[in-house]
Amino acid sequence: MNFSKKHFIDNELGNYFGDTRILEFLKYDKKGQFKCIYCGEKANSREHIPSKIFLNEPFTTNLAILPSCKKCNNSFSEYEQYLACLIDYVQYKIDNLKTVKRSKIQKTFNARPNIESEFENSIKYTQNNKVDYIEYNHDKIKSILLKLSIGHAIYSLSAIHLDEPNIINYKFFPELTQEVLDNFNSEPVFDIAPEIGSRGAIYISISDDNTPISTWNIIQDGQYRFLAFQDKSSTTIKIVIGEYFFSELIWKN
Ligand SMILES: [Zn+2]
C-alpha cells in the first residue's frame with residue numbers, strides 16, 4: 001500500500017468545486033467580501049495556517065492562507081508564542097537538552113524574557129530538587145489548538161466550526177505510551193467521503209479494499225503535521241508539533 005503524503009499547494013480557487021457557501025471563508029483579498037474564519041465578522045486581514053512561529057525557516061510554500069479579522073489575528077499571537085516556546089522549553093527542561101531546540105524559540109526568549117520567567121515560575125520540583133513537571137496554562141494552549149484546528153477544518157474539509165469543540169486533548173511525547181501513539185498516528189477510514197471538491201477529498205488515499213483513508217499532511221517534516229477527518233457524527237483535527245506535542249480536537253455533530 002502506498003499512502004502518498006500530499007501537501008497544500010496554494011490557495012488558488014480557480015478549480016474549486018466544493019460548497020460555494022463557504023467560499024467567503026476560504027480566501028482573502030482586499031476587494032472581496034470575505035469572512036473571518038474565527039468570528040464570522042468581515043475579514044480585513046489574512047492568516048497563515050499553521051502560523052509561522054510553529055515552523056522553521058525556510059518556510060514551505062504549502063501554507064494555507066485564510067481570511068481573518070485583525071482583532072482575532074492579533075489576539076492569538078501572544079498565545080502562539082507561548083505554545084511554541086513551551087513545546088521547546090518542556091524538552092529543554094524535562095529531557096535535559098543543552099538548549100532549546102529551535103533558534104527561533106531562542107530568539108523569542110531573548111526578545112521576551114517574561115515568557116521564559118513565566119515558565120521558570122511554573123516548574124514544580126520534587127523533594128530532591130529535580131524538575132517534576134511544568135504547570136501549563138491550559139487556556140492559552142486550548143485557544144491556539146482551537147485556532148489551528150478551525151483553519152485546518154475549513155481548508156481541508158470545507159467544514160466551518162465557529163462553536164466550541166466537544167473534545168480537546170493534548171499531550172507531550174513523554175506522556176504517551178507506544179500503544180496510544182500508534183493509535184493516534186493511524187490513518188482513519190472514512191465512512192463518508194468528504195465532499196467532492198473540498199480539499200479533504202484531495203488528501204484521502206484509497207486502500208487495497210477501496211476504502212478511503214485520510215492521510216497525514218506533512219507541512220514541515222519533523223516539525224508540523226496534521227490530519228483532518230470527518231465521519232457521520234464528528235469532525236476531528238489532529239496536530240503534531242515538533243514530533244513532541246500531540247493534540248486532537250473533536251466536534252460532534
Ligand atoms: Zn475575527
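**Exercise 1. Find which residue of β9 stands opposite Asn217.**

Start at Asn217: its partner across the way is Phe226 in β9. Next, look at the strands themselves: β8 and β9 (residues 224-230) run antiparallel and are joined by three bridges. Here, strands are DSSP runs of E with at least two residues, helices are runs of H or I with at least four, and both are numbered from the N terminus. Two strands pair if DSSP finds at least two bridges between them.

Before going on, note that this is a predicted model, where local features need pLDDT of at least 70, side-chain atom pairs count only at pLDDT 80 or more, and totals for chains, interfaces and linings use all residues. Residues are numbered from 1 along each chain as its sequence is written.

**Exercise 2. Work out which strands sit at the edges of the open sheet.**

First, lay out the order of the five strands: β5-β11-β10-β9-β8, with antiparallel pairing. Then check the ends: β5 (167-172) and β8 (217-220) each pair on one side only, making them the edge strands.

**Exercise 3. Why does the end-to-end distance of helix α4 agree with its 20 residues?**

Take α4, residues 138-157. The expected span is 1.5 Å times one less than the number of residues, so α4 should cover 28 Å. Now compare: the end C-alpha atoms are 27 Å apart, which agrees. Just after α4 comes Ser158, with a positive phi near 55°.
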